[in-house]
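Biologist: Got the model open? Let's go through it with some quick questions.

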Amino acid sequence: MSPYCITNRGISVRTVPRLWVTPAQQRWASNLPMNTLVLFVPQQEAWVVERMGRFHRILEPGLNFLIPILDRIRYVQSLKEIVIDVPEQSAVSLDNVTLQIDGVLYLRILDPFKASYGVEDPEYAVTQLAQTTMRSELGKLTLDKVFRERESLNSNIVHSINQASDEWGIRCLRYEIKDIHVPPRVKESMQMQVEAERKKRATVLESEGTREAAINVAEGRKQAQILASEGEKAEQINKAAGEAQAVLAKAEAKSKAIRMLSEALTEQNGNAAASLSVAEQYVSAFSNLAKESNTILLPSNSGDISGMVTQAMTIYGTLAKTSQKGAPEALDEMSEGPANQSAASQ
């Protein structure tokens with residue numbers, strides 16, 4: 001008998017069961033049904049019949065007829081999915097760490113004939129195969145990979161079991177690792193490693209934050225300087241444009257004033273008005289000589305106001321006569337008049 005108390009007569013769940021308790025699990029089992037000529041096979045069960053000690057046929061669910069004495073029900077196989085707890089066992093990883101690991105095995109009987117005659121106890125055989133395969137697969141992985149590649153480990157165990165269980169008529173559907181226990185010292189080392197990794201991540205994140213903050217500050221200063229220079233540039237452009245417009249406006253105003261003055265001089269009594277204006281400007285110029293500097297230039301007859309006015313009118317008369325020769329020559333004569341007066345005073 002196997003550790004799961006499966007006899008060579010098979011498994012039956014049809015009659016009144018009795019409880020068999022093992023360290024790994026609890027299973028329900030019963031005696032084989034008797035040959036009563038007319039038999040009713042439950043759904044999802046396969047009854048293996050022997051005639052005179054030799055395999056005869058497998059009864060299908062429903063109504064079946066057997067010959068008493070000659071036919072005997074030898075095995076009763078359940079076609080439902082079976083769940084088996086794999087006991088905890090020790091396994092050594094690739095980096096020589098001893099682990100305590102257990103799991104759950106899900107399987108189903110596909111061929112009742114092979115499950116009955118291919119192996120003495122199919123469930124026990126599959127369980128032992130799962131344990132040995134688990135130890136073999138764990139020996140290929142380091143401790144860190146055991147936790148990271150848990151799903152691939154389960155898949156490899158299922159593949160290895162199915163390769164060996166085809167001759168037994170059993171199909172392993174899946175295998176799940178329940179718990180993995182590591183030694184206390186290794187667990188403490190793993191905890192220290194996790195803490196060190198977290199501190200490393202915190203330090204890296206803090207340094208990255210400092211770097212990002214410095215980059216943001218530098219970028220802000222750069223943008224501020226660019227904006228300030230663009231603002232100063234725009235201000236200078238606007239100022240230059242304003243000055244240019246002012247110069248143009250002054251030139252246009254001066255042009256209009258000269259044009260209006262020339263038109264006024266051509267009218268009647270224009271010369272008299274021009275003489276009056278020149279006499280006023282001449283007198284005003286002498287009155288402002290001492291306001292801007294300490295050097296004063298005075299004509300020889302500064303006390304004779306009428307003489308000064310007569311001299312200014314003479315200058316205007318000379319300008320009027322030479323106006324047809326061109327404005328530059330008239331300006332030269334006006335500049336030479338005060339110079340001659342200063343020389344006479346000396």
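Modeller: Ground rules first: two strands pair if DSSP finds at least two bridges between them. Helices (H or I, at least four residues) and strands (E, at least two) are DSSP runs, numbered from the N terminus. This is a predicted model: local features need pLDDT of at least 70, side-chain atom pairs count only at pLDDT 80 or more, and totals for chains, interfaces and linings use all residues. Residues are numbered from 1 along each chain as its sequence is written, while side-chain values use heavy atoms, with hydrogens and water left out.

Biologist: Fine. What percentage of the 346 residues in the protein chain is buried?

Modeller: The chain has nine helices and 10 strands. Buried means under 20% relative accessible area, exposed over 50%, and partly exposed in between (1.4 Å probe, protein chains only). By that cut-off, the buried share of the 346 residues is 29%.

Biologist: And how much of the exposed area of the protein chain do carbon and sulfur atoms supply?

Modeller: Areas come from the Shrake-Rupley method with a 1.4 Å probe, and for residues only the protein chains shown count as cover. The chain exposes about 23100 Å². Of that, carbon and sulfur supply 55%.

Biologist: Now the sheets. Which are the edge strands in the sheet with the order β8-β9-β10?

Modeller: It's an open sheet of three strands, paired antiparallel in the order β8-β9-β10. Two strands there pair on one side only, and those edge strands are β8 (82-92) and β10 (170-181).

Biologist: By how many degrees are neighbouring strands of this sheet turned against each other on average?

Modeller: Axes are lines fitted to C-alpha atoms, for helices over the stretch in contact, and angles run from 0 to 180 degrees between N-to-C directions. With direction ignored, the average turn between neighbours in this sheet is 25°.

Biologist: Which residue in β10 is the bridge partner of Gln100?

Modeller: Strand β9 (residues 98-109) pairs with β10 in the antiparallel sense, over 10 bridges. Gln100 has its bridge partner in β10, and that partner is His181.

Biologist: What angle does helix α2 make with β8?

Modeller: Contact here means heavy atoms within 4.5 Å. Helix α2 (residues 122-138) packs on the sheet and touches β8, β9 and β10. Its direction and that of β8 make an angle of about 35°.

Biologist: And what angle does helix α4 make with β10?

Modeller: Helix α4 (residues 150-165) also packs on the sheet, touching β9 and β10. Between the directions of α4 and β10 the angle is about 145°.

Biologist: On to the sheet with the order β5-β4-β7: why is one side of β5 and of β7 left without a neighbour?

Modeller: This is another open sheet of three strands, with antiparallel pairing. One side of each of these two strands is free because β5 and β7 stand at the edges, each with a single partner strand.

Biologist: How many degrees is the average turn between neighbouring strands of this sheet?

Modeller: Direction is ignored here too. The average turn between neighbours comes out at 30°.

Biologist: How many bridges join β4 to β7?

Modeller: Strand β4 (residues 45-51) is mostly covered, with six of its seven residues buried. Five bridges join β4 to the antiparallel strand β5 (residues 54-59), and there Trp47 stands opposite Leu59. On the β7 side (residues 71-78), also antiparallel, Arg51 stands opposite Asp71. The bridges between β4 and β7 number seven.

Biologist: Is Met52 buried or exposed?

Modeller: β4 and β5 form a hairpin with two residues between them, and Met52 sits in the turn. Its phi is positive, about 55°, although Met52 is not a glycine. At 67% relative accessibility, Met52 counts as exposed.

Biologist: Which residues does Ser78 touch, not counting those up to four places away in sequence?

Modeller: Ser78 is in strand β7 and counts as buried at 15% relative accessibility. From Ser78 to Pro42 it is 36 residues in sequence and 9.8 Å in space, C-alpha to C-alpha. With those sequence neighbours left out, Ser78 touches Gln44 and Ile109.

Biologist: Last one: what is the phi of Gln44 near?

Modeller: Gln44 lies in the loop between β3 and β4 and counts as partly exposed, at 33% relative accessibility. Most residues other than glycine have a negative phi. Gln44 has a positive one, near 65°.
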